[in-house]
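This report treats one helix packing and one set of paired strands, in that order.

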Amino acid sequence: MQKKKLLNGTIKRHPDGFGFFIPDDPEHPDVYIPRHSMEGIMTNDKVAVEVFPEKGTERFRGEIIRVLNRGTKTVVGRFYRMNDRVGAIRDEGKGWGQDLKIKIEDSSNAKDKELVAAEILTYPDEGKSFTGKVTEIIGDALDPLTDIKRVIRSNNIPLEFSKSTLREAEQFNEIPDEKDFKGRVDLRDKNLITIDGATAKDFDDAVYVEATEEGFLLYVAIADVSHYVKVGSAIDKDAYERGTSVYFPNYVVPMLPEVLSNGLCSLNPHVPRLCLVAEMLFDFTGELKTSKFYEAVMESKARVTYGEAQEIIDGADLEKFNHVKGNIILLADLAKILMAKRFKEGSLDLEIPETELVIDGAGVPVDIQRSERLFSHRLIEEMMLAANVAVAKFLSSRNIPAMYRIHEPPNEQAIALLEKYLANFGGKVKLNQGKLQKRLTKALEEFENRPEAQILNILTLRSMSQAKYSMNNVGHFGLGFEFYTHFTSPIRRYPDLIVHRLLKNQVMPQSRYRLMSEDDLSSASTILSAAEQRSTKAERQIHAIKKARFMEKFVGQEFDGMISSVAKFGIFVLLREYDIDGLVRLDDLGGDRYEYDEENLRLVARRSGFSYSIGDMIRIQVSAADPELGQINFIPAGLEIEDGEEAEQTKAEVSADKFLKKLHNQNREKLQGRKEREHSKHDRTHGKDREDRPFKKGGSAKGHKKQSSRFFADSRQEKEGQQRKLEKVERSQGFKPQPRKDDDRKGPNPDLLKMILGPEKYRHQSEETSAKDKPKLSKKLMFAEQSKLRDNDDYSEKNSDSLKDRKPDRQNTKKRGESSNDRRGVRKARVSSGRGKGKTR
């Protein structure tokens, strides 16, 4: 048996109060932390935990010994003014364990329910309270202009540079000093160009290619950020803390101050710039033959956008780019060769459409577009991939500790699940035969140009593990590369800056650049991978918020979509018109009860048997959009048939209609016959016979009278609940529920109910009232009155034929139906509407 051991790692707090400990040791499984040990502990805290195995299981349990470092130092939320002395930011995400208390004098005069950022002063450990002070008033949480700010603050992304960094940034000139050119290769005569998006402001990379007798000589020049950002400087420390630039619509949180990111380190056209070059020779099959790396000075000959580059590739004559046209055409030729080679060797080509948000000056989304992916995008990607691979191979050949960009293969479970998805769509390729990347590519090719292709590309991406930085090179599964790193974007990614320094150490032996220890590299890999994930999360959040804002104006409108995911709690639908998906909750799918079929990845209705599966086309109605949470909710749209014309139906609705029509035909004759036999004087007095309502697509609930209880009037009904169920079913499925077998009779009116339930004056009058003066009751009501609702001996249980010889045993359910007339107190009869007449529940 294993003994207790002490481990360091990160804690994740569950909303219910317990936690999960993720050890720094990747070989050790996660550890369960009980509630009592989570007192004062917050999500993302670094802690030391005493870990021990649970008896009889393979799980581990732990007790927190101490907090090593707090993961949360500032929080964002609504400020609630509790009284004249104190306010609070509530723990709405359940990640802190308790609300953050803020004294009014520390609130910066924040108003009640105003969105604020607060610094934590004391943490809830060792008897201290959880307190803080407001550092910034963000404003109204629902104001579009605050969207980006609150996402930045809630993800703890550093927004302002330190004073030391700003002082260092002031020392730089706008143009490089001539003395910096000394010892560098002069490439200013080469037709290097940048190809970027129209809105780009920082240009990391420039490219140029020459045709030779051996093949293609490619130059990839990258901004020499390491020349300006010295190890240990204030700028370097701030850049390391940020880890990456974060890109929002119309706004960027840069990794470096603007004087570097948009100035000295940006390869702007027609000005000299310092760069680090990867010069690579490829043969005509795309095989890398030689590579060398060196410091250089360059001058971009043109700033070309993706659209302009694409026009030139397509044959357009753009006069202002005549001097670089040949370079662009040659780059396109090389890109095609490199792409063909990469895909042949198993690189995945997942076409995941990117979303482009068009935002106005007030922060309101004007349009949601799918970014058009041109060949010119691929051209630049191929050049950058080639440079990254060449640098990774070089560093690996030197046997020095280095940082690689790795992507581990997906686990067997994820592949098995993906295979199920593919099979459900009609795919025939087996993923467990041969090289996995090639099998995946072949499987996705089956669905090329089909509506399901987009969903399957997304599902394939979800099945993959997350790419990250590591000093242990295990290759890149998705790209199919044995060696890969990040070298081409040092303006916006700190790992690239590390790689530049390591590369310079090897190609410039007398330089001031030093290698990093394995421990430092391992720590940096973990920290920078986390920074990248933080950035990705923030960018996704702002997209979700802006999409919800965009859909607010469409609440109540209908759209066509495809089911992109199925979960136990509902289905996600991806709209065809916009790159937006929303949730249809389980409760909004209709009146039937749905169960999650994990084997076939679908939701199946218990009674009707119809199902919702991934890939089903469905028409939805937008029911809600919440910009604060970035959530969109849909409900299935009701379809109506007018003048005998059949409306287009989903697979689920077709299945439901077939089942319901069959059920209706079986019961129609019985229902009609029962209505003809209805002759109760009470029913004639208090209401018409119910109409026989066939199941009709698009039936409306308007004017439809709610069903009464079999015995009693509406006083025993849950009116609102029943009505909601009816409306839900009609709205989502387009049909009305079938009346129950014995639900064809109006109940007594409320006055009669009061008499039956036993007002004292009625009981006293009953003996004096002659039989002809008593109300005429149905047989069921007479039975109920005589056997259950009187408390005198003349009408006890022993007189009830249907309860004769019954001996109820409340302690033993097996003996409940056995003999005896033991009347241990009077209880009211409960009759199930689904078990036939006269049967007690």
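In this predicted model, the axes of helix 6 (residues 325-344) and helix 7 (residues 375-397) come within 9 Å and cross at roughly 70 degrees, where axes are lines fitted to C-alpha atoms over the stretch in contact and angles run from 0 to 180 degrees between N-to-C directions. Helix 6 is therefore roughly perpendicular to helix 7, a term that covers 65 to 115 degrees. The crossing is left-handed, meaning that the near helix is turned anticlockwise from the far one by less than a right angle. Among the residues in contact (heavy atoms within 4.5 Å) are I328, L331 and F343 of helix 6 and F375, L379 and M383 of helix 7. The contact of helix 6 with helix 7 comprises 13 nonpolar residues, no polar ones and four charged, with Asp, Glu, Lys and Arg counted as charged.

Strand 18 takes part in the following pairings, for which DSSP must find at least two bridges between the strands.

| Strands | Sense | Bridges | Residues opposite |
|---|---|---|---|
| Strand 11 (residues 185-186) and strand 18 (residues 288-299) | parallel | two bridges | V185 and A296 |
| Strand 17 (residues 272-282) and strand 18 | antiparallel | 11 bridges | L281 and T290 |

Strand 17 and strand 18 also form a hairpin with five residues between them, and G286 in the turn has a positive phi of about 90 degrees. Helices (H or I, at least four residues) and strands (E, at least two) are DSSP runs numbered from the N terminus.

Residues are numbered from 1 along each chain as its sequence is written, and side-chain values use heavy atoms, with hydrogens and water left out. Because the model is predicted, local features need pLDDT of at least 70 and side-chain atom pairs count only at pLDDT 80 or more, whereas totals for chains, interfaces and linings use all residues.

Key:
Angles under 35 degrees count as roughly parallel, over 145 as roughly antiparallel, 65 to 115 as roughly perpendicular and the rest as oblique.
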